[in-house]
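This report walks through selected features of one protein chain, from an annotated region to strands, charged pairs and aromatic rings. The sequence and the model come first, and the description follows.

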Amino acid sequence: MVGTMDLLTLLFLLLLNIVGICNGGVTSRYVRKAEPSVDMPLDAFPPPPGFNAPEQVHITQGDHDGRSVIVSWVTPDEKYPNVVTHWEANSKRKHKTHSIIKTYRYFNYSSGYIHHATIKRLKYDTKYFYQLGSGNATRRFHFTTPPKVGPDVPYTFGIIGDLGQTYDSNQTFEHYVSNPEGQAVLFVGDLSCADDHPQHDNRRWDSWGRFVEKSTAYQAWIWVPGNHELDYAPEIGENVPFKPYTHRYHVPYRASQSTCPLWYSIKRASAYIIVLSSYSAYGKYTPQYAWLEKELPKVNRAETPWLIVLLHSPWYNSNSYHYMEGESMRVAFESWFVQHKVDLVVAGHVHSYERTNRFSDVQYNITNRLSTPVKDPSAPVYLTIGDGGNIEGLADRFTEPQPSYSAYREASFGHAMLDIKNRTHAHFTWHRNHDNEAVVADSQWLFNRYWYPEEEHC
């Protein structure tokens, strides 16, 4: 509880709260130049040198608690070697893990050999090196495991959504990479946006993997499926949803008793993170509904105080783009989120930024006419971070007047940071892409709904 916190820490947090940027009920006057987002050429990120060199390297958490890492990569020419070698930074003892290998065909495209290797039994909060390939195609990377799960463990997440691979995407990505504070990324869907190209040009999945490798190979990105991951195209004979995504991006869904990689949960530091799929069935009696109904009561807030939900289609969105597309999922699950005091819900999909106040609409049913959201101290803050920069451009038509639940909104590209301090306080910042630097345009101290359910003030 707050009474156990160090007095100096409290004073420090209060001081930062005073000097920070905080917006309430604001539609930003900042106007980004109305320029189209243009994809970078396919050869902007060429394959690495060497025959059959591993490429598109990315890592994610490989178990529920953070002691395993899934390392994924592609070899373009041959299956083998299919081994990842890893060792502690201060040790010469090396360990080998073999990958499983997958391939797929999509229309007229044939993938390379896609590798997934789960490195297990790692130490917490430890730097490891790992190596892929052989001969002159050997490549070396490193990562640091998260600290042991605990209620007052500080941790900083980057938050990115709807990135794509335009010149604007590159600006967003470089701004995040240049921020030394981020330890892992919460990525809320829409990766390559290959489906924006004729026949869902799957070469764009390869170019995207090379584009983001300078981050994804070194820190865990927590993946959420978006609409651009569906790749459902019966007009060209592609009838299996999520085919490229599920072949390329593995997640530890079985560790949380999920039956599908499109929804799952992990614990990382002091956060319990639940990933949901906006584009999979979630009505009563469906697998996702049944899983979430059992999952939320499992969360031990004495161990992981911060309960964060990631999904793609926002529930509270005051932009005319994709307006109310998340409404049916909100109706299905919002009462559970309020009941279990979810702290934060992060979505993408709408290509702008918006942060809400703590509001809910759980009192509504189809007969009582109580359809206006009201302030609710047990409700989450909803963030829309669909502003990565993808080829479809900005969503710049906000509804007027600004609804009472909306605290701040802006039609700009950017990324966000969530800096968890302890069990009661976390600091959120949104960084606008502005010319050549990332500008902090919005920030908010967040108070934990379980341990410190006070109203947040600017």
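According to an unreviewed UniProt entry, residues 54-145 carry the annotation "domain: Purple acid phosphatase N-terminal". In the model, which is predicted, the chain over residues 54-145 is 54% strand and 0% helix, and the C-alpha atoms at the two ends of residues 54-145 are 22 Å apart.

**Strand β22 and its partners**

Strand β22, made up of residues 381-385, is largely enclosed by the rest of the structure, because 5 of its 5 residues are buried. In a regular strand, side chains alternate between the two faces of the sheet. In β22, Val-381, Leu-383 and Ile-385 point one way, while Tyr-382 and Thr-384 point the other way, and all are buried.

Two strand partners can be described for β22. Strand β18, residues 344-347, pairs with β22 in the parallel sense over 4 bridges, and Leu-344 stands opposite Val-381 of β22. Strand β19, residues 353-356, runs antiparallel to β22 and is joined to it by 3 bridges; here Tyr-353 stands opposite Ile-385.

**Salt bridges**

How many salt bridges does the structure hold? The count is 22, and the table sets out three of them, including the separation of the closest N and O atoms where the pair is listed.

| Pair | N to O distance | Relative accessible area |
|---|---|---|
| Arg-301 and Asp-343 | 2.8 Å | Arg-301 6%; Asp-343 1% |
| Glu-327 and Arg-330 | 2.6 Å | Glu-327 23%; Arg-330 4% |
| Arg-358 and Glu-456 | 2.8 Å | Arg-358 9%; Glu-456 16% |

Arg-301 and Asp-343 form a salt bridge that links distant parts of the chain, 42 residues apart: Arg-301 belongs to the loop between α6 (287-295) and β17 (306-310), and Asp-343 to the loop between α7 (327-339) and β18. Buried means a relative accessible area under 20%, so Arg-301, at 6%, counts as buried, and Asp-343, at 1%, is buried too.

The salt bridge between Arg-358 and Glu-456 also links distant parts of the chain, with Arg-358 in the loop between β19 and β20 (359-360) and Glu-456 in the segment after β26 (437-447), 98 residues apart. Arg-358 is buried, and so is Glu-456.

Salt bridges that share partners join Glu-327, Arg-330, Glu-334 and Asp-361 into one network. Within this network, Glu-327 and Arg-330 form a salt bridge, and both lie in helix α7, 3 residues apart, which is about one turn of the helix. Glu-327 is partly exposed, whereas Arg-330 is buried.

**Aromatic rings and charges over them**

A search of the whole structure finds 32 aromatic pairs. One of them joins Tyr-450 and Trp-451, whose rings lie 5.3 Å apart from centre to centre with 75 degrees between the planes, an edge-to-face arrangement. Planes over 60 degrees apart count as edge-to-face, and the 75 degrees of Tyr-450 and Trp-451 therefore fall in that class. Tyr-450 is partly exposed, with a relative accessible area of 45%, whereas Trp-451 is buried, with a relative accessible area of 13%.

Trp-451 also has a charged residue at its face, as Arg-423 lies over it at 4.7 Å from the ring centre. Elsewhere, the charged end of Lys-94 sits over the ring of Trp-87, 4.5 Å from the centre of that ring.

Ring pairs also build a cluster, which links Phe-45, Phe-173, Phe-187, Trp-205, Trp-208, Phe-211, Trp-221, Trp-223, Tyr-245 and Tyr-249.

**The surroundings of Asp-419**

Asp-419 lies in strand β24, residues 414-420, and is partly exposed, with a relative accessible area of 21%. Which residues is Asp-419 in contact with, leaving aside its neighbours within four places in sequence? They are Tyr-155, Thr-156, Ala-426 and His-427. The C-alpha atoms of Asp-419 and Trp-315 are separated by 23 Å, and the two residues are 104 residues apart along the chain.

Technical notes:
Residues numbered from 1 in each chain as written. Predicted model: local features only at pLDDT ≥ 70, side-chain atom pairs only at ≥ 80, totals over all residues. Heavy atoms only, no water. Phe/Tyr/Trp six-rings, centres within 6.5 Å; stacked < 30°, edge-to-face > 60°. Buried < 20%, exposed > 50% of the residue type's maximum accessible area, 1.4 Å probe, protein only. Lys NZ or Arg CZ within 6 Å of the ring centre and 35° of its normal. UniProt positions renumbered as here; feature names shortened; annotations may be inferred. Pairing = 2+ DSSP bridges. Salt bridge = Lys/Arg side-chain N within 4 Å of Asp/Glu carboxyl O. Contact = heavy atoms within 4.5 Å.
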